[in-house]
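Here's a walk through this fold, starting with the sheet and working outwards to the helices and the surface. Keep the structure open as you read.

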Amino acid sequence: MLPGTSYVAAITATFTVAGDVSSFDQNAFKNRLATQMNVFPAAISLVVYSASVGVQATITYPSLAAANAGATTLARTPAVLSAALGVTVLTVANVAPTIIVAPPPPPPPPAAFQLRRNSCISATSPGFVTV
């Protein structure tokens, strides 16, 4: 494992929904899925492809227990998920709680860009700043 790499719990699921990719509203789907799964939309990544509309969703959770609970939500019937997600869900397959590699956090800004506490910035002449 590389330094700074960590693992997070997640669910992967494949949805097939009625319609076509060009008219599929990914943001609306992601927001409604986040509501159903009790996560923030940022915790969901989608890959959308043709197959009516195929959606490969990965939903991250703070623990495997939470991911297992989320998988139960996806075990609902397509009719229940259709009403919740605002699209006609034809199938949900490959629902699998898992552990995935999380990307490392971004590095802190260079020291030259960090201001000291209680400092002020003033412009002295064009292109120069004093701290």
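## How the sheet is put together

E1 and E3 run antiparallel and are joined by nine bridges. One of the pairs to look for is Ala-10, whose bridge partner in E3 is Thr-60. Bear in mind that this is a predicted model.

Zooming out, E1 and E3 belong to an open sheet of four strands, ordered E2-E3-E1-E4, with antiparallel pairing. Strand E2 (44-50) and strand E4 (89-102) sit at the edges with a single partner strand each, so one side of each has no neighbour in the sheet. From one strand to the next, the twist averages 15°. As a general reminder, strands of a sheet pair through backbone hydrogen bonds, either parallel or antiparallel.

Here are the pairings side by side.

| Strand pair | Bridges | Sense |
|---|---|---|
| E1 and E3 | nine bridges | antiparallel |
| E1 and E4 | 11 bridges | antiparallel |
| E2 and E3 | seven bridges | antiparallel |

If you want residues to click on, Thr-16 stands opposite Thr-91 in E4. For E2 and E3 (residues 53-61), which pair over seven bridges, try Ser-45, whose bridge partner in E3 is Thr-58.

## A closer look at Thr-58

Thr-58 is a handy spot to stop at. This residue is in strand E3. Is Thr-58 buried or exposed? The cut-off for buried is under 20% relative accessible area, and Thr-58 comes in at 17% relative accessibility, so it counts as buried. Setting aside neighbours within four places in sequence, Thr-58 is in contact with Ala-10, Ile-11, Thr-12, Ala-43, Ile-44, Ser-45 and Ile-100. Ser-45 in that list is also the bridge partner of Thr-58 mentioned above.

## Helices on the sheet

Now for the helices. Helix H1 (residues 26-37) lies across strand E1 (6-17), E2 and E3, and runs at about 135° to E2. Helix H3 (residues 78-85) packs on the sheet too, where it touches E1 and E4; the direction of H3 makes about 75° with that of E4.

Which residues of H3 are buried? They are Leu-81, Ser-82, Ala-84 and Leu-85. Their cover includes E1, H1, helix H2 (64-74) and E4. Just after H3 comes Gly-86, which has a positive phi, near 75°.

## The surface and the whole chain

Out on the surface, Tyr-7, Leu-64, Ile-99 and Val-101 form a nonpolar patch, and together they have about 380 Å² of accessible area. Val-101 of this patch is found in strand E4, which is one of the edge strands of the sheet.

For the chain as a whole, the secondary structure comes to three helices and six strands. Reading along the sequence, you get the pattern β-α-β-β-α-α-β-β-β. Of the 131 residues in the protein chain, 27% are buried. The accessible surface of the protein chain is about 8300 Å², and 61% of that belongs to carbon and sulfur atoms.

How do the contacts spread along the sequence? Take the contacts between residues at least 6 apart in sequence: 69% of them join residues at least 24 apart.

Notes: Residues are numbered from 1 along each chain as its sequence is written. This is a predicted model: local features need pLDDT of at least 70, side-chain atom pairs count only at pLDDT 80 or more; totals for chains, interfaces and linings use all residues. Side-chain values use heavy atoms; hydrogens and water are left out. Two strands pair if DSSP finds at least two bridges between them. Helices (H or I, at least four residues) and strands (E, at least two) are DSSP runs, numbered from the N terminus. Axes are lines fitted to C-alpha atoms, for helices over the stretch in contact, and angles run from 0 to 180 degrees between N-to-C directions. Contact means heavy atoms within 4.5 Å. Patches are made of residues with over 30% relative accessible area and no salt bridge: like charges are joined within 9 Å, nonpolar side chains (Val, Leu, Ile, Met, Phe, Trp, Tyr) within 5 Å. Accessible areas come from the Shrake-Rupley method with a 1.4 Å probe; for residues, only the protein chains shown count as cover. A salt bridge is a side-chain nitrogen of Lys or Arg within 4 Å of a carboxyl oxygen of Asp or Glu. Buried means under 20% relative accessible area, exposed over 50%, partly exposed in between (1.4 Å probe, protein chains only).
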